[in-house]
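Visitor: I am new to this structure and would like a close look at a single part of it. Please take me slowly through the places where protein and DNA come together.

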Amino acid sequence: MGQLPADEDDDPPFDLPEAPGGASAMGQSASRPSISERAIAQAPAPYLQGLNPEQRRAVETTDGPVLVLAGAGVGKTRVLTTRIAHILASRKAFPSQVLAVTFTNKAAREMKERIGALIGGAVEGMPWLGTFHAIGVKILRRHAELVDLKNGFTILDVDDQLRLIKQVIEAEGLDKDRWPARQLAAMIDNWKNKGLTPDKVSTGDSQVFAGIGARLYAAYQQRLKELNAVDFGDLLLETLRLFREHTDVLADYQRRFRYILVDEYQDTNVVQYQWLRLIAQAPGGQPNLCCVGDDDQSIYGWRGAEVDNILRFEKDFPGAIVIRLERNYRSTGHILGAAAGLIANNTGRLGKTLFTDDELGKKVSVLGVWDDEEEARAIGEEIERLAKNGHRLNEIAILVRASFQMRVFEDRFITLGLPYRVIGGPRFYERQEIKDAIAYLEITHNPSNDLKFERIVNVPKRGLGDATIKQIHDLARAGGIPMFEAARQLAESDELKPKARRALGDLIAAFLRWRGQAEGVKHTELAELILDESGYTAMWQADKSPQAQSRLENLKELIRFMHQFETLGGFLEHVALVMDVEQGNDGDRVSLMTLHAAKGLEFETVFLPGWEEGLFPHQRSLDESGLAGLEEERRLAYVGLTRGKRRVQVSFAQNRRTRGLYQSASPSRFVDELPEAHLDVLESRSPFGGVYATMGSDPRYGRANPYGKSRFDDAPSPFTTSYTTPGWQRAQEQWKAARPARPPPQTIEGTLVASSDHVSEFVEGDRVRHQKFGLGTVSMVDGNKLTIDFDNGDRKRVIESFLARA
DNA sequence: CTGGTAGTTCGGTCA
DNA sequence: GAACTACCAG
């Protein structure tokens, strides 16, 4: 005892009775229940009702290591929350003695709510329910000084991290073009996910940064310490170091956490695994550790997740009880059958067989379309049809592999007037204006945050360019002081030109003034004041670009959001950790999100567009991880299918617009892996006459190509070769090597697309009609790109193939 | 130092 | 197609 500062009211010492949060009489110690409490415990607890035998077993087997293998839709969250409720209600532990780890903030939030509902809202004190990262910060904040950090350390976001890495690369005297910062960032992330500190990194690990990766990593860590900052990876890695180097601290946490629960165990990476293993070493005997997961839903390998962790559980914890939940309550027979058939193509599974008592229902439909726009059109129409028949939009989702696919749908839905919400798309806090605003607030709150300072010294433009910033930077490094302080000194000296000096002086004075006001003024008002006086809002008001208005809206939204917090500090801490914002709960809307974001959710109707080779499975996944990558993509497909309750539609396009170019695509191998018995193959009703079989002659994909045989029919495609053979790898390398060369012009309906030596059939002055923008006059011709003055006054650059003579 | 244009490169999932 | 960078004129 005694290692843990008793600085938080939500965290009473273990040996004292905890003040009950609600009406329940928790006045007794956990080890000696009173007679009345025992009587309550014997009564059939209402929360246990309605559980099936396996679920009930998973809830009631509270002691010792337990692995719950929970397939899709088997009531996993329910088991987890009921289990916690059970532990609390039967007085086995206080809320503050239960550690419950989730992967997303969404999951954590949902769990809190559901536990509250189960045991009557008395869960204010579940301080240790959260994501790995959130719990990591919490622990780190208490012991910052033990890992060379100061108390108020800051958490870098992706932007800050990248900026810092760039600086490190430059400081090492390396050419930033030859040594891409992004790559180094990715590499450092990987190391951190594997639990490797700079001294443990073998230089052979890095190819691009051969030999110097470890050195740069060390330099980066050094800079982080100087800035009193951590990145996301450190939240886990540094906690791990803390535990390793200070066993007394570790022992305190081991004693504290009487019950440990881990959600989505298949997604834990190496650091998280090591972290858990340390905490879960119960003093004498086996830990009360319950891990819940599904090896078939492991989709975060790219983040360092190790499916092995779940496969190894029984070895790690001898005598562990394994409980399988296989009764699916979500989907119909056909959907389950299709998903099962697909995932059966994976090897090395723990093997679960989901079953349902539900009807077979509707078969999974498979639709092939001409291009991505038609795909969006077809899905939009189908949604409108469903909506007309009374289907709630909230129960419809479109799940895409990559976020760029969302755009077509958004465009389509806007023209249709179909309400939709984007979940986890370009995140609120990742928007430029939000980051800028937060940077202002952060510096007011904590002036020593150099990266944020750099972000906004010259936003809006104040005439403080690279030269001035470098001066500040140098002074700060030389004196070992924050840039803010250096800037202040510089503004008082004669080092700067008068103009820069005035601008800098004004800015510093403004920040000092705002900090002074922080005491008296409410934090939301202060925020408005800062954005106003800094000229930041004015900057966007003066901006006449179309996005400026929505940026201002976002700033207002930010202020509105701040009201939920008591203080500026509390708000900033939240922002650093929680990258999503609770939004769009209002109204009946179609959901649009990535497959990753969809895990754990369910919908009556699910659309799965873009099942094309190269996109899904994603080429990069295949390139980087080969067979393992393919299997992960397949699990992602499995996750997608199993989100649907009653209706699932898979679709693929023959052509997809990427990089402004049409590229022909072939149907994903996953389409063919779906068992025919559960499928209903649709024919597109497109003006192009439906799907035609460019790839092979599978009659399921409709009639022959009405435009005749495409030259691509015979072209050897790297995508269709078997990916396991050595030949595949060679082919791939050739293909990659060939890529920098100009690709052959691609033929689509006989039109050359985006080739610069193209001779246009139009000349200046021609009257033309554009498919979207209407009538206009050609004002400039550049290959197949033409500049048109449209009759409505707009001047646009368009691709020739969208034009016809007027 | 700013603001424009021209040229280049890039697009995958998360906390 | 967008977002970033490089370069140049004011």
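Guide: The surface near DNA strand C is made up of four charged residues, with no nonpolar and no polar residue among them. Here Asp, Glu, Lys and Arg count as charged, Ala, Val, Leu, Ile, Met, Phe, Trp, Tyr, Cys and Pro as nonpolar, and the others, Gly among them, as polar. This is a predicted model, in which local features need pLDDT of at least 70 and side-chain atom pairs pLDDT 80 or more, while totals for chains, interfaces and linings use all residues. Residues are numbered from 1 along each chain as written, chains are lettered from A and ligands numbered from 1 in written order, and side-chain values use heavy atoms without hydrogens or water.

The residues around DNA strand C are Lys176, Arg407, Arg657 and Arg659, where near means having a heavy atom within 4 Å. For Arg657 the model gives a particular pairing, since a polar atom of the Arg657 side chain lies 3.4 Å from a phosphate oxygen of DNA strand C; such a pair of N or O atoms within 3.5 Å counts as a polar contact.

Turning to DNA strand B, we find 29 residues surrounding this strand, and the closest of them are Arg303, Ser403, Arg620, Glu624 and Arg659. Arg659 is therefore worth looking for twice in the view, as a residue listed around DNA strand C and also among the closest to DNA strand B. By class, the surface near DNA strand B holds eight nonpolar, 13 polar and eight charged residues.

Which parts of DNA strand B lie within 4 Å of the protein? Of those atoms of DNA strand B, 58% belong to sugar or phosphate, and the rest belong to bases. On the phosphate side, a polar atom in the side chain of Ser403 lies 2.3 Å from a phosphate oxygen of DNA strand B. On the base side, an N or O atom in the side chain of Glu624 is 2.7 Å from a base oxygen of DNA strand B, and for the side chain of Trp302 the distance from such an atom to a base oxygen of this strand is 2.9 Å.

Helices, taken as DSSP runs (H or I) of at least four residues and numbered from the N terminus, also contribute to this surface. Helix 19, residues 466–479, and helix 27, residues 619–641, each supply at least two residues of the surface near DNA strand B, and the largest share, four residues, comes from helix 27.

Conventions
A polar contact is a pair of N or O atoms within 3.5 Å; within protein, one must be able to donate a hydrogen and the other to accept it, and residues adjacent in sequence count only if both atoms are side-chain atoms.
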